[in-house]
Amino acid sequence: MPLLNFIEPSDIANVTTGVPPGRAVRPATRRDLTFVNHCQRKWRESVGFLPTQVFERYIEAEQLAICEENGLPAGYVNWCGTTKGVTRVIQVAVDPELLRERIGSLLMDMIQNFAIANDQSIIRLTSRVDLFANEFWPHLGFQPTAIYRRPTVRKLQLIEWTKPLIIHDPTIGVTLRSVE
């Protein structure tokens, strides 16, 4: 599945998207692995940990993106699309000093663009119940669809968040809201 609609940096704020100057979302490269691994170690309790080899595969598949603030990495997201019409966000992490600065929103906008461009009807992610980020997801249109315990860690409760996408079918001229 091709990765589309990355957000390019600009010298002036983009009024349409609200992207501030100096901010961009771009495909990750191998050079970004140091940043991603640093984030994983720093926020292990929030995002978990995946080996470098897994991220190398995400890079090859163009399913790892970096949000930059004035040329420096400020956050990342990795995901996968499925044949069942679901884009699954695996991890999203934003520098805590840049929370509430639209970094996470820009990363998730890019995910939504990817999902729509690849005929995905739903975006899903899973988050620990006790994370501050759970206040963020409803603002982006996500709804909690399940709460469960991870089988390997009995005390760890997770929330599954789902965002149905609006899909326009030009063959019948109708806009449909996806339902699972």
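In this predicted model, Glu-160 touches Arg-88, Arg-124, Leu-125, Thr-126, Gln-143, Pro-144, Thr-145, Ala-146 and Tyr-148, leaving aside residues up to four places away in sequence. Glu-160 is found in strand E7. Because buried means under 20% relative accessible area, Glu-160, at 14% relative accessibility, falls in that class. One of its neighbours, Arg-88, is also a polar partner: the side chains of Glu-160 and Arg-88 are joined by a polar contact of 3.2 Å.

Strand E7 (153-164) also leads to the largest pocket, since it is among the elements that give two or more residues to the pocket lining. The space in this pocket is about 1200 Å³. Its lining consists of 39 residues, and those closest to the pocket centre are Ser-46, Val-47, Val-92, Leu-131 and Ala-133. Besides E7, the elements with two or more lining residues are helix H2 (44-47), strand E4 (86-94), helix H4 (103-117) and strand E5 (122-128). E4 gives the most to the lining, with seven residues. Sorted by class, the lining has 22 nonpolar, eight polar and nine charged residues.

From the pocket we turn to the nonpolar interior. The largest nonpolar core has 25 residues, and Val-77, Met-108, Ile-111 and Phe-142 have the most contacts inside it. Two or more residues of this core come from each of strand E2 (64-69), strand E3 (72-81), E4, H4, E5 and E7. H4 supplies the largest share, eight residues. Thus E4, H4, E5 and E7 appear both among the elements of this core and among those that line the largest pocket.

Phe-142 shows how one of these core residues is surrounded. With residues up to four places away in sequence not counted, Phe-142 touches Met-108, Ile-123, Leu-125, Trp-137, Trp-161, Thr-162 and Lys-163. Leu-125 is a contact of Phe-142 and also of Glu-160.

A second, separate core has 15 residues, including Val-36, Cys-39, Tyr-58 and Ile-59. Val-36 and Cys-39 belong to helix H1 (residues 33-42), whose buried residues are Leu-33, Phe-35, Val-36, Asn-37, Cys-39 and Gln-40. These buried residues of H1 pack against H2, helix H3 (52-60), E2, E3 and E4. Among these packing partners of H1, H2 and E4 also give residues to the lining of the largest pocket, while E2, E3 and E4 give residues to the largest nonpolar core.

Key:
Residues are numbered from 1 along each chain as its sequence is written. This is a predicted model: local features need pLDDT of at least 70, side-chain atom pairs count only at pLDDT 80 or more; totals for chains, interfaces and linings use all residues. Side-chain values use heavy atoms; hydrogens and water are left out. On a 1 Å grid over the protein atoms alone, a cavity is a set of points where a 1.4 Å probe fits but cannot get out, and a pocket is an open set with protein on both sides within 12 Å along at least five of seven lines; lining residues have an atom within 4 Å of a point. Grid points are joined across faces, edges and corners, and a volume is the space filled by probe spheres set on the points. Helices (H or I, at least four residues) and strands (E, at least two) are DSSP runs, numbered from the N terminus. Ala, Val, Leu, Ile, Met, Phe, Trp, Tyr, Cys and Pro count as nonpolar, Asp, Glu, Lys and Arg as charged, and the others, Gly among them, as polar. Buried means under 20% relative accessible area, exposed over 50%, partly exposed in between (1.4 Å probe, protein chains only). A polar contact is a pair of N or O atoms within 3.5 Å; within protein, one must be able to donate a hydrogen and the other to accept it, and residues adjacent in sequence count only if both atoms are side-chain atoms. Contact means heavy atoms within 4.5 Å. A nonpolar core is a set of buried Ala, Val, Leu, Ile, Met, Phe, Trp, Tyr and Cys residues joined through side-chain atoms within 4.5 Å.
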